[in-house]
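Visitor: I have a structure I'd like to talk through with you, piece by piece. Could you bring it up?

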Amino acid sequence: TIIIVLLILILVTQYNRKTTTFQHNDQPLTIDSYLYVREYKKQLIKNTTDLLDDIGVKFVIAHGNLIEFTRGKPILHDDDIDIRFDHKDFEKWKKYCKDPKDSYNLAFDNRINSMDQQLKNGIQVHLKNFNNRDQLKTFPNMNIHLDLVANNIKNSVWMPYDIDFQKRREITYLGEKTYVPSEKDTHRILKKEYGDNLFWSYRKPNSNTEFVG
């Protein structure tokens with residue numbers, strides 16, 4: 001644990017030279033805020049994975065989170081989770097939305113009652129209660145959320161995620177079980193979204209100020 005904290009301290013110290021706040025929040029990026037965001041995201045991943053597995057909805061982590069997994073290193077200012085799920089399972093998700101269960105400790109925005117809005121732009125998910133088992137310093141005013149978006153949605157924010165959900169991989173991300181696309185789909189979709197050339201590649205950080213979805 002001490003080694004992990006020291007590594008985080010080094011990373012954050014180096015990162016703070018150029019990037020001082022989180023992607024979706026004005027909160028300064030510090031050891032305390034990073035550890036809080038990481039633990040919040042960890043709980044979001046676990047609870048959402050449990051929910052979607054239980055109702056039979058196939059999904060993968062996507063965008064910036066998929067880059068983190070592929071690189072094997074964190075994007076320190078990334079303060080949200082992106083999940084794309086198989087649109088073929090939308091009816092299963094729709095059925096859950098009609099009678100959401102409290103057992104997953106998840107809160108949904110008002111799109112929970114509008115399938116039309118969800119089909120256009122997905123839905124945001126938060127924790128009902130943050131489990132502060134490690135007695136971390138908390139930042140309750142931060143908006144840390146999970147975007148849950150069907151893979152066929154296409155707009156100015158979301159690109160279509162045309163992957164084979166039958167070939168997804170079970171992996172560990174933020175210490176929790178979840179899923180990513182097949183290796184072939186992963187590299188294809190990240191190259192399509194972020195590029196892979198001499199000047200920029202999803203495989204390596206472009207600079208300490210990169211911002212990805």
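Guide: What follows goes from the overall fold to one helix, then to charged pairs and backbone angles, and the model is a predicted one.

Visitor: Fine. How many helices and strands are there in the protein chain?

Guide: The protein chain has 6 helices and 7 strands, and read from the N terminus the elements follow the order α-α-β-α-β-α-β-α-β-β-β-β-α.

Visitor: And what share of the residues is buried?

Guide: Of the 213 residues in the protein chain, 48% are buried. The chain exposes about 11100 Å², with carbon and sulfur atoms supplying 50% of that area.

Visitor: What about contacts between residues 24 or more positions apart?

Guide: Among the contacts in the protein chain with a separation of 6 or more, 66% are between residues that lie 24 or more positions apart.

Visitor: Let's zoom in on α4. Which of its residues are buried?

Guide: Helix α4 covers residues 90-98, and its buried residues include Phe90, Trp93, Tyr96 and Cys97. These residues lie on the same side of α4 because they cover an arc of only 120° around the axis.

Visitor: Which residues are on the other side of α4?

Guide: There you find Glu91, Lys95 and Lys98, which are exposed.

Visitor: And what covers the buried residues of α4?

Guide: The cover includes two helices, α2 (31-55) and α5 (115-121), together with the strands β2 (80-85), β3 (106-108), β4 (123-127) and β5 (145-150).

Visitor: Since α2 came up, where is Gln43, and is it buried or exposed?

Guide: Gln43 sits in helix α2, and its relative accessibility is 5%, so Gln43 counts as buried, the cut-off being under 20%.

Visitor: Which residues does Gln43 touch?

Guide: Leaving aside residues up to four places away in sequence, Gln43 touches Leu127, Asn129, Phe130, Asn131 and Arg133. In addition, the side chain of Gln43 is joined to that of Glu39 by a polar contact of 2.9 Å.

Visitor: Switching to charges: how many salt bridges does a search of the whole structure find?

Guide: The search finds 12 salt bridges. One of them pairs Lys42 with Glu176, with 3.3 Å between the closest N and O atoms. Lys42 belongs to helix α2 and Glu176 to strand β7 (residues 176-180), so this pair ties together parts of the chain that are 134 residues apart in sequence.

Visitor: Are Lys42 and Glu176 buried or exposed?

Guide: Lys42 is buried, with a relative accessible area of 16%, and Glu176 is buried as well, with a relative accessible area of 14%.

Visitor: OK, and what does Lys58 pair with?

Guide: Lys58 forms a salt bridge with Asp89, in which the closest N and O atoms are 3.1 Å apart. Lys58 lies in the loop between α2 and β1 (59-61) and Asp89 in the loop between β2 and α4, and the pair links distant parts of the chain, 31 residues apart. Lys58 counts as buried at 18% relative accessibility, and Asp89 counts as buried at 4%.

Visitor: What about Asp102?

Guide: Asp102 forms a salt bridge with Lys128, and the closest N and O atoms of this pair are 2.7 Å apart. Asp102 is in the loop between α4 and β3, while Lys128 is in the loop between β4 and β5, so the bridge ties together parts that are 26 residues apart in sequence. Asp102 counts as exposed at 59% relative accessibility, and Lys128 is partly exposed, with a relative accessible area of 40%.

Visitor: Which residues do salt bridges with shared partners join into one network?

Guide: Asp162, Asp185, Arg188 and Lys192 are joined into one network in that way.

Visitor: Last topic, the backbone. Which residues have a positive phi although they are not glycine?

Guide: As background, most residues other than glycine have a negative phi. His63 is one residue with a positive phi, about 55°, although it is not a glycine, and Gln135 likewise has a positive phi of about 55° without being a glycine.

Visitor: Where are they, and are they buried or exposed?

Guide: His63 lies in helix α3 (residues 63-71) and counts as buried at 2% relative accessibility. Gln135 is placed in the loop between β4 and β5 and is exposed, with a relative accessible area of 67%.

Methods
Residues are numbered from 1 along each chain as its sequence is written. This is a predicted model: local features need pLDDT of at least 70, side-chain atom pairs count only at pLDDT 80 or more; totals for chains, interfaces and linings use all residues. Side-chain values use heavy atoms; hydrogens and water are left out. Helices (H or I, at least four residues) and strands (E, at least two) are DSSP runs, numbered from the N terminus. Buried means under 20% relative accessible area, exposed over 50%, partly exposed in between (1.4 Å probe, protein chains only). Contact means heavy atoms within 4.5 Å. Accessible areas come from the Shrake-Rupley method with a 1.4 Å probe; for residues, only the protein chains shown count as cover. The arc is that of the directions from the helix axis to the C-beta atoms. A polar contact is a pair of N or O atoms within 3.5 Å; within protein, one must be able to donate a hydrogen and the other to accept it, and residues adjacent in sequence count only if both atoms are side-chain atoms. A salt bridge is a side-chain nitrogen of Lys or Arg within 4 Å of a carboxyl oxygen of Asp or Glu.
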